Amino acid sequence: MPEPRILILGAGPAGAATAIGLRRLGYAVTVVSEWRRFAAVEGVSQRVLEGLRHAGLGSALHEVVTPATRQVRWNGQHLQLNQEYLLDRQAFDRALRDDLQRAGVSLVEGRVREVLGEDGHQVRLDDGQTLEAEFLVEARGRQAPLAADRLRGPETVSLLNLWQGEPGNPASAVESLDDGWAWMARLADGRCYWQITQNAEGLPGKAALAEYCAERRRRSELVAELFDAQALAPAIVHARSSTAILAGECAGEDWLRVGDAAMAVDPLSGNGIFQSLSSALQAPAVINTLVRCPQRAALARRFHQQRIEQLFLRFARIGRDFYAQEQARAAGLFWARRRQWPDAQPIHGASDWEAVRVERRPVLREGLVEEAEVVVTADQPLGVWHLQGIELAPVVRGVQDGLELAQVLSDRSVEQQMMVRRWLAEQGYG
């Protein structure tokens with residue numbers, strides 16, 4: 001059977017991580033992407049940098065990441081946090097392409113005009129090219145078409161402003177506002193970024209946005225502290241949706257959604273790049289299973305869908321709880337909508353040993369999706385297979401069958417026994 005042609009639409013972190021993961025499994029991959037249309041900078045954490053390196057996307061990070069001091073003004077408090085890393089997205093996009101080329105991924109620059117799915121996939125570009133593939137990965141982020149069954153959070157828009165200021169020490173800050181929140185950053189070369197996130201309705205027309213944003217900056221003590229006088233003048237504005245969206249169906253027999261094309265979460269609830277990576281790292285094994293083990297296709301699709309949905313709810317609830325910390329503005333429309341969405345479920349389920357059970361669920365093993373016994377808990381409804389290499393199902397079954405824990409763990413090292421005992425205690429055992 002010839003290897004399928006795999007086409008990935010989008011060369012952002014999710015598409016790039018999927019492409020490199022597939023290359024590691026031996027597949028030939030083509031990535032189609034267009035360059036970002038505007039300059040932007042993002043704040044990322046150390047865990048994001050580690051995640052990028054783990055995904056094979058870290059070789060050029062040192063060239064595009066700048067550590068910066070960070071301030072937070074939230075719920076009436078002013079905090080000086082250690083730092084965050086500022087990521088120049090245009091430079092980062094170039095670095096991603098360098099990583100892809102080094103991994104042997106074919107790159108096609110172009111804008112997708114339409115995707116046809118009869119008898120395989122045909123992707124038509126604006127320049128007239130038509131690319132064909134047996135398997136398609138949709139990784140175009142929020143640009144990807146959405147199904148009718150999508151789930152949407154409160155309609156949200158972010159207005160990004162860019163201008164050139166005087167060079168200085170890199171810095172960033174975030175502050176809550178009566179009707180939203182603002183994030184701002186200054187790079188060492190004087191490039192300045194300020195972004196306000198608000199409800200989508202009630203904003204002025206496009207022609208008035210620059211002055212509207214400038215007026216908002218003039219009211220901010222934090223803006224005056226971080227930037228020079230140029231921050232008070234109108235600047236270039238880019239408007240983009242920040243609405244949390246779960247795409248609906250995210251996996252088919254010969255296609256997959258990853259990154260923001262599968263689940264795009266409000267930027268406040270965590271780092272956008274980390275969210276994209278979280279939903280894409282499993283994709284190569286899912287695709288590998290769909291291609292090489294079609295008898296497990298339903299299992300692989302269920303694995304991908306369930307994890308996308310679980311990730312979406314987890315990140316959405318993190319955002320909900322962070323919004324709820326803003327008590328001083330709780331009655332405002334922006335805050336009231338977001339402090340109760342997507343639901344009232346806690347991020348972490350309460351420990352309940354009586355509810356812990358062993359079930360067969362899809363897991364990843366050696367680049368494929370298969371079924372195995374896992375331990376389902378209130379906090380891990382999809383199940384836990386291993387704890388640092390130790391299969392938990394035999395341990396839990398042994399204890400539930402009445403065996404002494406010391407007997408169940410007798411073949412483990414002292415360190416492993418202590419680790420398992422701690423985990424069992426966290427589940428309410430003993």
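Start with the salt bridges: a search of the whole structure, which is a predicted model, turns up 32 of them. Three pairs make good stops.

**Stop 1: Arg73 and Glu221**

Select Arg73 and Glu221 and show their side chains. They form a salt bridge, and the closest N and O atoms sit 3.6 Å apart. Now colour by element of secondary structure: Arg73 lies in strand β4 (residues 65–74) and Glu221 in helix α6 (residues 221–226), so this pair links distant parts of the chain, 148 residues apart. How accessible is each partner? Arg73 is partly exposed, with a relative accessible area of 22%, while Glu221 counts as exposed at 60%.

**Stop 2: Asp126 and Arg113**

Next, pick Asp126 and Arg113. Here the closest N and O atoms of the salt bridge are 3.3 Å apart. Asp126 sits in the loop between β8 (121–125) and β9 (130–133), and Arg113 belongs to strand β7 (residues 112–116); 13 residues separate the two. Switch on a surface and you can check the accessibility: Asp126 is partly exposed at 40% relative accessibility, and Arg113 is exposed at 56%.

**Stop 3: Glu370 and Arg365, then a network**

Move on to Glu370 and Arg365, whose side chains meet in a salt bridge at 2.5 Å, N to O. Is Glu370 buried or exposed? Its relative accessible area is 18%, and the cut-off for buried is under 20%, so Glu370 is buried. Arg365 is partly exposed, at 36%.

Before leaving the salt bridges, add Glu34 and Arg111 to a selection of Arg113 and Asp126. Salt bridges with shared partners join these four residues into one network.

**Stop 4: helix α5**

Select residues 209–218, which make up helix α5. Which residues of α5 are buried? They are Leu209, Tyr212, Cys213, Ala214, Arg216 and Arg217. Keep those six side chains on screen and bring in what surrounds them: the buried residues of α5 pack against the strands β12 (156–164), β13 (171–177), β15 (191–199) and β16 (236–241), and also against α6. You have already met α6 at the first stop, as the helix that holds Glu221.

**Stop 5: α1 beside α4**

Now for helix pairs. Two packed helices are described by the angle between their axes and the distance between the axes. Show helix α1 (residues 13–24) with helix α4 (residues 89–102): they pack at an angle of about 10°, and their axes are 10 Å apart. That angle makes α1 roughly parallel to α4. To see the contact, display Pro13, Ala16, Ala19 and Ile20 on α1, then Arg89, Phe92, Leu96, Asp99 and Leu100 on α4. Colour by residue class and this contact shows seven nonpolar residues, two charged and no polar ones.

**Stop 6: α7 against α9**

Finish with helix α7 (residues 272–280) and helix α9 (residues 297–324). The axes are 9 Å apart, and the packing angle is about 160°. The two helices are therefore roughly antiparallel. Rotate the view to follow the crossing: α7 passes α9 in a right-handed one. Then show the side chains where they meet: Phe274, Gln275, Ser278 and Ser279 come from α7, and His304, Ile308, Leu311 and Phe315 from α9. By class, the contact has four nonpolar and four polar residues, with no charged ones.

Methods: Residues are numbered from 1 along each chain as its sequence is written. This is a predicted model: local features need pLDDT of at least 70, side-chain atom pairs count only at pLDDT 80 or more; totals for chains, interfaces and linings use all residues. Side-chain values use heavy atoms; hydrogens and water are left out. Axes are lines fitted to C-alpha atoms, for helices over the stretch in contact, and angles run from 0 to 180 degrees between N-to-C directions. Helices (H or I, at least four residues) and strands (E, at least two) are DSSP runs, numbered from the N terminus. Angles under 35 degrees count as roughly parallel, over 145 as roughly antiparallel, 65 to 115 as roughly perpendicular and the rest as oblique. A crossing is left-handed if the near helix is turned anticlockwise from the far one by less than a right angle, and right-handed if clockwise. Contact means heavy atoms within 4.5 Å. Ala, Val, Leu, Ile, Met, Phe, Trp, Tyr, Cys and Pro count as nonpolar, Asp, Glu, Lys and Arg as charged, and the others, Gly among them, as polar. Buried means under 20% relative accessible area, exposed over 50%, partly exposed in between (1.4 Å probe, protein chains only).
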